[in-house]
Amino acid sequence: MAAPLQLYCWRGDHGLPSVDADCLTVLAYAKFAGAPLKVHKITNPWRSPTGILPALKTREEGSFSQPSKIIIQLRKQKYNADYDLSAKECADTLAFVSLLEEKLLPALIYTHWVDAKNYVDVTRRWYAENIPFPLNFLLPNRIHGRQLERLRLVRGDPTLEPGEQLEKELYHDALECMTLLSQRLGSQKFFFGDSPSSLDAYVFGHLAPLLKIKLPNGKLQQHLNSLDNLRQFCTNILVLYFPSESREAPAKKVSNHADGGDFDNEPHKRRNQILSVLFAVGAMLGYAFLSGIITIKHTPARLEEPHVDEEEEEED
Amino acid sequence: DSLLGEVLVVELNTAEPWPENATLYQPLREDQILLSDCASSLAVQAYLRMCGLPVRVCCRANAEYMSPSGKVPFIHVGNQVVSELGPIVQFTKAKGHSLSDGLDDVQRAEMKAYMELVNNMLLTAELYIQWCDDTTSSEITRPRYSSPYSWPLNHILAYQKQWEVRRKMNAIGWAGKTLEQVYEDVSQCCQALSQRLGTQPYFFNKQPTELDALVFGHLFTILTTRLTSDELSEKIKSYSNLLSFCRRIEQTYFEESIGKLPLGVIV
């Protein structure tokens, strides 16, 4: 019996078990390999054992953070989804994962975190609403800065600015990558036959957020939707391995449509109003006490109850 | 380079044939060029030779700064300047020379994937070993990189480049790796390449493609460059089909200039 493994990952939304690509990759791999994980879905990365998400905590070997390291660790514990792959298929896995990381990932980073409209309307909003106070003021912007920095370093251009030029180049590579993946997948259920492997986990992890999270600037989404076999591939995995999440999604979608573009949520508005009134009253009372408009006299200790005298003085 | 630039290149140059005076620029061969740049340059040279396109190799100390994207090598053809293997392949395709036309869709997908594997693992490992390993960096890389310049510019440029590469390693998650882990990654990459090559003469059928050029460029350079330890070239030598692959391409395409290849760049 393997020691209990705990996985910390970002919470899910929009019908996904998690909103983050790396977390999705690891969750999918764990399901494919049949690893018994205790999954903690959190929204505060500081609570994870390594400080970033996803993180795998094992009893004996400590904690690991990147998807590749987590998958290696799971394999060490005998949970291997690539057991049946031939040597050539293992080589292909390595190659296609590299393709994903070099060609698709930069565009995904751009579309979720750097593109102005997407970032402000969707990504930052989700993270700001879901991360606990006071991190929700710091983290989204910090992640945004880090992702832009990463794009700059990877492209080798320190003066890179988000804009049409960059978007065109990145999306061109990403669209080509998605087409290549679609061609490689063909009409098969998974990339290497009938049972899923780590490559399927990586592809799912990267494509599923694109499929499910609706973005205002959705060029990549449109292309993905036009590739039927990839779309079917992602939906298939969601239905087969994460049935509880895909059932929640329709209910949530209805309420989101009702809100439309409305920025205030009803319950929060009420709570905010009450809180602000209480705060104002408290401030006024405090000022009144401090400046002597209202005083409370306590008579020295007697057996009777002290009575409160209120004196009001007119101020000229 | 930009997609718009590529479109313009296609429109302007489709009709023009390949000129005789095409030139490839790289840093100085004896003293300055680094492992990663040498590999990239050799890959481009191999590709052009495979296409049968003549090119003159020109060594310049400031090649990196002349390049439009900041990366070497770059080629100067007619009035166009194109850098890096990917755009160069596109450029020659626009002129009607292509090595991968005979591939079907699945094969083309695999070819691109394996090229990214080389870029993602081999090239990054080369950069890591050059700049992030303190021994190599101080004994080999920094002195070589700064050799054309005088004090204090040589120190400034070398440290600036080192800092930039280390930040990039940090951003892509390689900063936490030890040298042993990087060697292990190279080994895995070579194993994957060896598996894919099998007993075939080239990666796809009997004709070489840009993947063969890229793999040759990197493996040959690693095999013939001396670093602080031999471990990197030992990893490659353990795969005999990769060794014979390199030898085959060297004999087929570089026969007439074997003496001029950067053989045994002693550092």
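Reader: Before I look at percentages, what counts as a helix or a strand here?
Author: Helices are DSSP runs (H or I) of at least four residues and strands are DSSP runs (E) of at least two, both numbered from the N terminus. Please keep in mind throughout that this is a predicted model.

Reader: OK, so which residues of chain A does UniProt mark as a transmembrane region?
Author: The unreviewed UniProt entry places that annotation at residues 274–296 of chain A. In the model this span is 78% helix and 0% strand, and its end C-alpha atoms lie 27 Å apart.

Reader: And where does UniProt put the domain in chain A?
Author: An unreviewed entry gives "domain: Metaxin glutathione S-transferase" for residues 176–237 of chain A, a stretch that is 69% helix and 0% strand, with 23 Å between its end C-alpha atoms.

Reader: What about chain B, where is the domain there?
Author: For chain B the UniProt feature "domain: Metaxin glutathione S-transferase", again from an unreviewed entry, is placed at residues 187–249. That span is 68% helix and 0% strand, and its end C-alpha atoms are 22 Å apart.

Reader: Switching to strands: what is the order of the sheet in chain A?
Author: The order is E2-E1-E3-E4, in an open sheet of four strands with mixed pairing. Strand E2 (37–42) and strand E4 (62–64) of chain A are the edge strands, each pairing on one side only. If direction is ignored, neighbouring strands of this sheet are turned by 20° against each other on average.

Reader: What holds strands of a sheet together anyway?
Author: Strands of a sheet pair through backbone hydrogen bonds, and the pairing may be parallel or antiparallel.

Reader: So E1 and E3 in chain A, parallel or antiparallel?
Author: Strand E1 (residues 5–10) and strand E3 (residues 55–58) of chain A pair in the antiparallel sense, over three bridges. If you want a place to look, A:Tyr8 stands opposite A:Ala55 in E3(A).

Reader: Which helix lies across that sheet?
Author: Helix H2 (residues 67–76) of chain A lies across E1, E2, E3 and E4 of chain A, and it runs at about 30° to E3(A).

Reader: How do H1 and H7 of chain A pack?
Author: Helix H1 (residues 21–33) and helix H7 (residues 198–212) of chain A pack at an angle of about 140°, with their axes 8 Å apart. Because of that angle, H1(A) is oblique to H7(A). The crossing of H1(A) with H7(A) is right-handed.

Reader: Which residues make that contact?
Author: On the H1(A) side they include A:Leu24, A:Tyr29 and A:Phe32, and on the H7(A) side they include A:Tyr202, A:Phe204 and A:His206. The residues of this contact divide into 10 nonpolar, four polar and one charged.

Reader: Now between the chains: at what angle do H6(A) and H5(B) pack?
Author: Helix H6 (residues 164–185) of chain A and helix H5 (residues 105–132) of chain B pack at about 125°, with their axes 8 Å apart. H6(A) and H5(B) are therefore oblique to each other, and their crossing is left-handed.

Reader: What kinds of residues meet there?
Author: A:Glu176, A:Leu180, A:Gln183 and A:Arg184 in H6(A) meet residues of H5(B), among them B:Asp105, B:Arg108, B:Glu110 and B:Lys112. The contact of H6(A) with H5(B) divides into three nonpolar, one polar and six charged residues.

Reader: And within chain B, how do H9 and H11 pack?
Author: Helix H9 (residues 210–224) and helix H11 (residues 240–253) of chain B pack at an angle of about 105°, with their axes 10 Å apart. That angle makes H9(B) roughly perpendicular to H11(B). Among the residues that meet are B:Phe216 and B:Leu219 in H9(B) and B:Leu242 and B:Phe245 in H11(B). The residues of this contact divide into 10 nonpolar, no polar and two charged.

Reader: Last topic, which peptide bonds to proline are cis?
Author: The bond from B:Val72 to B:Pro73 is cis, with omega near 0°, and B:Pro73 sits in the loop between helix H3 (63–66) and E3 of chain B. The bond from B:Trp151 to B:Pro152 is also cis, with omega near 0°, and B:Pro152 sits in the loop between helix H6 (134–145) and helix H7 (153–171) of chain B.

Key
Residues are numbered from 1 along each chain as its sequence is written. Chains are lettered from A and ligands numbered from 1 in the order in which they are written. This is a predicted model: local features need pLDDT of at least 70, side-chain atom pairs count only at pLDDT 80 or more; totals for chains, interfaces and linings use all residues. Side-chain values use heavy atoms; hydrogens and water are left out. Axes are lines fitted to C-alpha atoms, for helices over the stretch in contact, and angles run from 0 to 180 degrees between N-to-C directions. Angles under 35 degrees count as roughly parallel, over 145 as roughly antiparallel, 65 to 115 as roughly perpendicular and the rest as oblique. A crossing is left-handed if the near helix is turned anticlockwise from the far one by less than a right angle, and right-handed if clockwise. Contact means heavy atoms within 4.5 Å. Ala, Val, Leu, Ile, Met, Phe, Trp, Tyr, Cys and Pro count as nonpolar, Asp, Glu, Lys and Arg as charged, and the others, Gly among them, as polar. UniProt positions are given in the numbering used here, feature names are shortened, and annotations may be inferred rather than shown by experiment. Two strands pair if DSSP finds at least two bridges between them.
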